[in-house]
Amino acid sequence: MPGDENVKKLIAVLAFPFATHASPLLSLVQRLSPAVPEARFIFFNTAKSNNAIFLEDDKRWDSIRPYNVSDGTPENYVSSGSPMEPIENFAKATPENFRTAMETVVEETGMGFSCIITDAFYWFAADMAQELQAPWVAFWTAGPRSVLLHLDTDLIRGILKLSRIDGKMLDFLPGFSGICATDIPPEITCGDLNSPMPRMLHKMGLMLPKATAVAINSFEEIDTAMVNLTNSRFKKFLNIGPLVLTLPDLKISDSEGCLQWLDKQKQESVAYISFGSTVMPPPHELEALAEALETSGFHFIWSIRGNPEEKLPKGFLERTKDKGIVVSWAPQLKILQHEATGAFITHCGWNSVLESIVGGVPMICRAFFGDQRLNMRTIENVWGVGTGIGDGEITKDGAMKALELVLSSEEGQYMRQKLEDIRKLAFDAVQSHGSSTANFETLTAVITK
Ligand SMILES: O=c1ccn([C@@H]2O[C@H](COP(=O)(O)OP(=O)(O)O[C@H]3O[C@H](CO)[C@@H](O)[C@H](O)[C@H]3O)[C@@H](O)[C@H]2O)c(=O)[nH]1
């Protein structure tokens with residue numbers, strides 16, 4: 001970079017390296033980079049996450065440079081295998097790992113950062129931005145409802161009296177009537193509120209209103225009740241998505257031939273199953289779902305991380321080989337856009353929800369943590385484009401009823417019609433006259449100022 005005289009600005013991008021956070025942030029930066037050709041974006045992230053999201057053969061984004069920061073793993077560390085451990089180690093190393101890396105880049109280039117773009121989790125960016133006298137753009141990777149709830153954490157904790165939230169409603173919050181307290185992100189109300197995630201999200205709720213702009217991978221028309229509420233709480237709240245509709249067609253690997261297999265299936269007949277990048281349902285729920293698929297006979301594609309032989313009932317793969325495909329990673333975006341896909345059994349991660357809307361596929365919801373229950377309620381009660389599965393946990397009976405409802409009933413068709421309306425709104429939002437395009441221009445102005 002030293003000696004590259006075309007580079008006039010340095011922009012720091014601070015990624016959260018877990019779940020599906022870093023890759024939508026990279027998508028945002030990829031979209032911004034042509035709009036700011038004089039800028040070089042330094043993408044600070046752990047080596048593991050950078051290696052996963054920066055594709056070897058993709059040279060299109062020369063102006064975006066991955067830069068590895070410490071993941072906080074102590075020397076000679078022996079993992080206990082807990083999935084929270086890497087997050088806890090990383091949280092302990094943050095923000096010093098980012099500060100050190102940023103200082104090194106400033107020394108190496110002789111340039112200062114003119115803007116910082118961060119995952120919205122990074123509340124400490126408010127101070128960094130003030131020190132640098134630079135704008136702070138925070139990127140929220142989930143939906144508008146969950147970010148609003150995090151702003152009101154203290155209020156919610158005070159009113160709900162944490163010990164007993166069952167049966168309590170959020171009617172005291174504008175825009176949330178009909179939502180149960182048990183549906184909101186658990187980090188707000190239950191468990192060890194002093195553990196790293198609840199603490200980080202609490203601080204985020206306090207600091208985020210200081211951001212110069214909060215960008216979100218969503219579109220205003222998806223939840224119009226939220227637009228005034230979010231606009232009134234932030235300096236600038238910019239819905240700029242769905243980002244999947246704004247990027248050039250990326251190469252999506254399909255080594256197991258899911259798409260070719262789908263080509264041979266009837267329209268809207270296949271259930272696609274995935275619980276995202278982090279969640280793994282407990283063994284008894286996997287078993288119940290496998291039994292439901294086998295007994296009902298619906299065709300399916302099941303994306304399940306790890307060895308499916310170990311995770312699914314004995315003999316399931318052999319017995320269902322004419323009905324379905326089981327893969328460790330699927331071309332989800334393409335599957336959801338295929339006309340043969342008729343239902344999506346999902347954990348309701350925000351990226352999956354948006355991709356299902358873009359594909360027009362009704363959802364069967366089994367939510368686990370974070371924003372997922374809230375997304376599930378919005379899918380069921382606000383948009384009417386999906387259904388829960390049993391009483392929360394997957395049971396054989398609950399899964400069979402949900403599959404029947406979505407794939408073979410009039411109600412499923414009705415969901416599809418509603419989805420078609422929302423889908424059109426999503427495509428409109430990213431057209432040249434659309435709301436997300438206008439918001440993206442505002443965002444570009446913030447970072448070029
Ligand atoms: O076989 C697969 C499985 C998943 N995906 C992709 O992986 C992403 C999954 O993202 P998401 O649905 O958001 O799930 P998580 O990875 O679990 O996301 C975390 O981050 C989200 C955004 O903040 C939150 O909404 C979730 O609750 C949180 O778990 C999507 O883009 C999928 O297309 C594939 O391409 N192939």
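Here is a quick tour of the ligand site, the two sheets, a helix pair and a few backbone oddities. Keep in mind that this is a predicted model. One sheet has seven strands in the order S3-S2-S1-S4-S5-S6-S7, and another has six in the order S10-S9-S8-S11-S12-S13. There is also a ligand, with 22 residues around it.

**Around the ligand**

- Of the 22 residues that surround the ligand, the closest are Thr20, Ser277, Ser352, Glu355 and Asp371.
- Sorted by class, the shell comes out as 13 polar, seven nonpolar and two charged residues.
- Helix H16 (350-359) and strand S8 (270-274) each put at least two residues into that shell. H16 gives the largest share, with four residues.
- Three side chains are worth a click for their polar atoms. Ser303 has a side-chain N or O atom 2.6 Å from an oxygen atom of the ligand, and for His347 that kind of distance to a ligand oxygen is 2.9 Å. His21 has a polar side-chain atom 3.2 Å from an oxygen atom of the ligand.
- On its own the ligand has 700 Å² of accessible area, and the protein covers 92% of this.

**The seven-stranded sheet**

- This sheet is open, and its strands pair in parallel, in the order S3-S2-S1-S4-S5-S6-S7.
- Strand S3 (64-69) and S7 are the edges; each has a single partner strand, so one side of each has no neighbour in the sheet.
- On average, neighbouring strands here are turned by 25° against each other, direction ignored.
- For a look at one pairing, take strand S2 (residues 39-46) and S3, which run parallel over six bridges. Within this stretch, Phe41 stands opposite Ile64 in S3.
- Helix H4 packs on the sheet, where it touches strand S1 (9-14), S2, S3 and strand S4 (113-119), and its direction makes about 130° with that of S3.
- Helix H5 (residues 125-132) packs on the sheet too, touching S1, S4 and strand S5 (136-140), with its direction at about 175° to that of S4.

**The six-stranded sheet**

- Here again the sheet is open and the pairing parallel, with the order S10-S9-S8-S11-S12-S13.
- Strand S10 (324-327) and strand S13 (386-388) are the edge strands, each pairing on one side only.
- Neighbouring strands are turned by 15° against each other on average, direction ignored.
- Strand S11 (residues 341-346) pairs with strand S12 (residues 363-365) in the parallel sense over three bridges, and Phe344 stands opposite Met363 in S12.
- Helix H17 (residues 372-383) lies across S12 and S13, and runs at about 125° to S13.

**A helix pair**

- Helix H7 (residues 153-160) packs against helix H9 (residues 196-207) at an angle of about 115°, and their axes are 9 Å apart.
- On the H7 side the contact has Thr153, Asp154 and Arg157, which meet Pro198, His202 and Leu206 in H9.
- By class, this contact is an even mix: two nonpolar, two polar and two charged residues.

**Backbone oddities**

- Most peptide bonds are trans, and most residues other than glycine have a negative phi. The spots below depart from that.
- The bond from Thr94 to Pro95 is cis, with omega near 5°. Pro95 sits in the loop between helix H3 (85-93) and helix H4 (96-109).
- Gly241 and Pro242 are also joined by a cis peptide bond, with omega about -5°. Pro242 is in the loop between strand S7 (237-239) and helix H11 (258-263).
- Glu268 is not a glycine, yet has a positive phi of about 50°. Look for Glu268 in the loop between H11 and S8.

Methods. Residues numbered from 1 in each chain as written. Predicted model: local features only at pLDDT ≥ 70, side-chain atom pairs only at ≥ 80, totals over all residues. Heavy atoms only, no water. Near = heavy atom within 4 Å. Polar contact = N/O pair within 3.5 Å; in protein donor to acceptor, adjacent residues only side chain to side chain. Areas by Shrake-Rupley, 256 points an atom, 1.4 Å probe, with all protein chains shown as cover. Nonpolar A, V, L, I, M, F, W, Y, C, P; charged D, E, K, R; others polar. Pairing = 2+ DSSP bridges. Axes fitted to C-alpha atoms, helices over the stretch in contact; angles between N-to-C directions. Contact = heavy atoms within 4.5 Å.
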